[in-house]
Amino acid sequence: MTPTLAELGEAELLKRLARFAPPGQFDDDTACLGSDARPLLVNTDVLVDGIHFSDATTTAVDVGWRAVAANLSDLAASGAVSIDGITVALVAPGTTPWSWVEGVYDGISTALEHHGGTLLGGDCSSGSHRLLSITALGRLGPLRLLRNAAQPGDVLISSGPHGLSRLGLALLQKDPLLQTTRLSAALQELAISQHQRPRPRLDALTQLLACKPAELPWRAGGTDSSDGLLTAVRGLCSSSGTGAQLDRSQLPRPQEWPPGDLWDRWCLAGGEDFELVLSLPPVWADALEQTLPSCRRFGRMTDQTGSIVWGDDNKPILDAGFDHFASS
């Protein structure tokens, strides 16, 4: 029978967690990174039990994977071309089984092995709710992606489809909204995988850098869609003082995605898709479409500050993305 954290005690817990890091990494209170001429990008993200994960939909291993993916997605969306590593702060009640914590760190290790980076250290504390706070560190490449770098006339392009994570959550929760819709087994499997094991699009950033037309400067607007596609577009518009016009027929829907208002809402505002959302000069967008088959062109930036509308009827798009502090 697996012991609880209270039964293990702090010293034994740290000893067990040390095996997920390089030898000696947990012996001291700090981690030392080697010098590097490239600027260091730093991001922190928090996952809270009942908000970002639950035992009903997410295994402990998947919690660890998702925690890493969320942070690395932000680094990719800022232009990081390599990952130094992460630190992890774990808060959990003393009644938490060691097997759950072990599963979380197994997921963290698997994600780092897949995407790069090392477990550098962290901290543990008792608390009333399970919580993971991860800080990720990566090195900037030649392009600093910023929300305020979008310009009117740019093409809006996504590194991949949207809505899958939201569908995956609905499937795992057996949402009654799905009772009247027939979904292929392939779409269901893909959606659940996307929800439980999202992929930070470091690969898409690599393709973006490789296909930049030589005559263009290193300028592009960028963010990720962790809080939803529309929220990502709003962030670009707000920071850069622009507007956006979206093509209803070209929304980045997954293959076999059903038609209808609900499905368009999940595409626009489902959240946790972790795709790059980019504002690119048209010639660069053309090159990315040739290089990255998964990418989707779905609109353009305009000079109408703060206005986000449909291209066919000029009506405002009002769906909201995920709000961390919205009332339940």
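Which side chain meets D313 in a salt bridge? Keep that question in mind as you open the model, which is a predicted one. We will come to the answer after a few other stops.

**Stop 1: a charged patch on the surface**

Start on the outside. Select E10, D27, D28, D29 and D123, and you will see a patch of negative charge on the surface. Now pick out D28 from that group. D28 sits in the loop that runs between α2 (10-17) and β1 (40-48). With a relative accessible area of 57%, D28 is exposed.

**Stop 2: from the loop to helix α4**

Stay in the loop between α2 and β1, and select R19 together with E102. Their side chains meet in a salt bridge, at 2.6 Å from N to O. R19 belongs to the loop between α2 and β1 while E102 belongs to helix α4 (residues 98-115), so this pair ties together parts that lie 83 residues apart in sequence. E102 is partly exposed, and its relative accessible area is 25%.

Next, select V101, which also lies in helix α4. Is V101 buried or exposed? Its relative accessibility is 0%, so V101 counts as buried. Show what surrounds V101: beyond its neighbours within four places in sequence, V101 is in contact with L5, L13, L17, L90 and T96. Try a distance too, by picking the C-alpha atoms of V101 and T4. They are 9.7 Å apart in space, although 97 residues separate V101 and T4 in sequence.

**Stop 3: D62 and its partner**

Move to helix α3, where you will find D62. Select R197 as well: the side chains of D62 and R197 meet in a salt bridge, at 2.6 Å from N to O. This pair links distant parts of the chain, with D62 in helix α3 (residues 60-76) and R197 in the loop between α6 and α7 (202-210), 135 residues apart.

How do the two partners sit with respect to the surface? D62 is buried, with a relative accessible area of 6%, whereas R197 is partly exposed at 30%. If neighbours within four places in sequence are set aside, the residues in contact with D62 are Q196 and R197. For another distance to draw, choose P97: from C-alpha to C-alpha, D62 and P97 are 16 Å apart in space, with their positions 35 residues apart in sequence.

**Stop 4: the answer to the opening question**

Now select D313. Its salt-bridge partner here is R248, and the two side chains meet at 3.2 Å, N to O. Once again distant parts of the chain are linked: D313 is in the segment after β10 (308-310) and R248 is in the loop between β7 (243-246) and α9, 65 residues apart. Both ends of this pair are partly exposed, D313 with a relative accessible area of 35% and R248 with 30%.

If you enjoy hunting for such pairs, there are plenty to look for, as the structure holds 17 salt bridges. Side chains of opposite charge can pair when their charged atoms come close. For a linked group, select D36, R38, D84 and R139, which form a network of salt bridges.

**Stop 5: a covered helix**

Turn to helix α5, residues 164-172. How many of its 9 residues are buried? The count is 7, and the helix is mostly covered. To see the buried ones, select L164, S165, R166, L167, G168, A170 and L171. Then bring up α6 (185-196) and α9 (261-269), which are among the parts that cover those buried residues. Just after α5, stop at K174, where phi is positive at about 55 degrees.

**Stop 6: two more positive phi angles**

K174 has company. Select E256, which is not a glycine yet has a positive phi of about 65 degrees. E256 lies in the loop between β7 and α9, and at 56% relative accessibility E256 counts as exposed.

Finish at F274, another residue other than glycine with a positive phi, near 55 degrees. Look for F274 in the loop between α9 and β8 (276-280). With a relative accessible area of 5%, F274 is buried.

Technical notes
Residues numbered from 1 in each chain as written. Predicted model: local features only at pLDDT ≥ 70, side-chain atom pairs only at ≥ 80, totals over all residues. Heavy atoms only, no water. Patch = residues over 30% accessible without salt bridge, like charges linked within 9 Å, V, L, I, M, F, W, Y side chains within 5 Å. Areas by Shrake-Rupley, 256 points an atom, 1.4 Å probe, with all protein chains shown as cover. Salt bridge = Lys/Arg side-chain N within 4 Å of Asp/Glu carboxyl O. Lys, Arg positive; Asp, Glu negative; His and termini not counted. Charge placed at Lys NZ, Arg CZ, Asp CG, Glu CD. Helix = DSSP H or I, 4+ residues; strand = E, 2+ residues; numbered from the N terminus. Buried < 20%, exposed > 50% of the residue type's maximum accessible area, 1.4 Å probe, protein only. Contact = heavy atoms within 4.5 Å.
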